[in-house]
Amino acid sequence: MHADAVVLDIDGVLLDVADSYRRAIVESVERLYGRTIDRDDVQLFKDAGGFNNDWDVTDAAALYVLVDERDPIDLATFAERIAAAGGGLDAAESVAADHLGGDSLAAVRAEWDREGLRDAFQALYLGAELYRDLEGGDPPFETAGYIHDEPVLVESETLDALEANAAVGVLTGRPAAEADIALERAGLDLPDEHRFTMDDWAEGKPHPNALTTLAERFDADSVAFAGDTLDDVKTAVNAAEADPDRTYHGIGVLTGGLTGESGRAAFESVGAAAVVDSVNDLPALLFEG
């Protein structure tokens, strides 16, 4: 396998977000509704597809809690129905409507506070100081912020090897300001035109537009996109269909929610060209042998 350009996801690839974003998801729901899902169950939403924005995951988890209180439903079943409906928050709302209906659905919709969930999430994730800087107001409560609890997964030697052999870009569901913080921590300095964030395109992964646009900007014949979710691999698969004049390799990375042999099989089932244990395996995969 060879690539003229390597595009990286941030969360679960460059940084470990198990104790930051995923913790903020479950604790935001807990703060507003007094109960929540398990942190490991966040992966059920990720696997359902369409949940690259963790605010949407938070909203979906809260919606599940509210639905389950009125008419109990297993979370795995709820997530499976979301996947069958096409994935994402719109599908989650459709599943909720199909499961409840009538007065119960109206009550859930009235109690489902998406703005409150977003504020809680940002306060937990950013902490009070960064919340004031980035959100432009006072947080709903004071915290230190889980953004400081994100171990760096990528080694500096890996970045050096990637940049020595290929153009490097980033495609992430993070807002731009949070992507800036993450890239600085990871030691990856990129111009704005070599990255796409939540703020740069409306569709989100697995829509191929951001990846094909980066390929055009790099004038690359072959592009590898490494990510930790099924939607990351699907983005590369969709890019190959949308842009048949180039080669796209979707590479699954087993340092996010998908791990071990089950994670490897899940990536392969959606068309991964390769699966690696870590982002630090990419140089050997792409440039050696």
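This is a tutorial dialogue on reading the features of one predicted protein model.

Me: Which conventions apply to the model and its numbering?

Reply: The model is predicted, so local features need pLDDT of at least 70 and side-chain atom pairs count only at pLDDT 80 or more, whereas totals for chains, interfaces and linings use all residues. Residues are numbered from 1 along each chain as its sequence is written, and side-chain values use heavy atoms, with hydrogens and water left out.

Me: How many helices and strands are there in the protein?

Reply: Helices (H or I, at least four residues) and strands (E, at least two) are DSSP runs, numbered from the N terminus. In this protein there are 13 helices and six strands.

Me: What does the radius of gyration indicate for 289 residues?

Reply: The radius of gyration is taken over C-alpha atoms, and the globule rule is 2.2 Å times the number of residues to the power 0.38. For 289 residues a compact globule would have a value near 19 Å, and the protein agrees because its own value is 19 Å. The C-alpha trace spans about 60 × 40 × 30 Å along the principal axes.

Me: How are burial and contacts to be read?

Reply: Buried means under 20% relative accessible area, exposed over 50%, and partly exposed in between (1.4 Å probe, protein chains only). By this criterion, 54% of the 289 residues count as buried. A contact means heavy atoms within 4.5 Å. Of the contacts between residues at least 6 apart in sequence, 69% join residues at least 24 apart.

Me: How many positive and negative side chains does the protein have?

Reply: Lys and Arg count as positive and Asp and Glu as negative, while His and the chain ends are not counted. The place of a charge is taken as NZ of Lys, CZ of Arg, CG of Asp or CD of Glu. The protein has 20 positive and 61 negative side chains, and the centres of the two sets lie 5 Å apart.

Me: In what order do the strands form the sheet?

Reply: Two strands pair if DSSP finds at least two bridges between them. Here six strands form an open sheet in the order β3-β2-β1-β4-β5-β6, with parallel pairing. The edge strands, β3 (195–196) and β6 (274–276), each pair on one side only.

Me: Which strands are joined to β4 by bridges, and why is β4 described as largely enclosed?

Reply: Strand β1 (residues 5–8) runs parallel to β4 and is joined to it by four bridges; the partner of A5 in β4 is V223. On β5 (residues 247–253), six parallel bridges are made with β4, and S222 has T247 as its partner. Strand β4 (residues 222–227) is largely enclosed by the rest of the structure because six of its six residues are buried. S222, A224 and A226 are buried on one side, and V223, F225 and G227 on the other.

Me: How should a helix such as α10 be read?

Reply: An α-helix has 3.6 residues a turn, so residues three or four places apart point the same way. Helix α10 (residues 209–218) is mostly covered, with seven of its 10 residues buried; among them are L211, L214 and F218. The buried residues of α10 pack against elements including β1, β3, β4 and α11 (230–242).

Me: What backbone features stand in the loops on either side of α10?

Reply: In the loop between β3 and α10 lies P206, and the peptide bond from K205 to P206 is cis, with omega near 15 degrees. In the loop between α10 and β4 is D219, which has a positive phi of about 50 degrees although it is not a glycine. D219 is exposed, with a relative accessible area of 63%.
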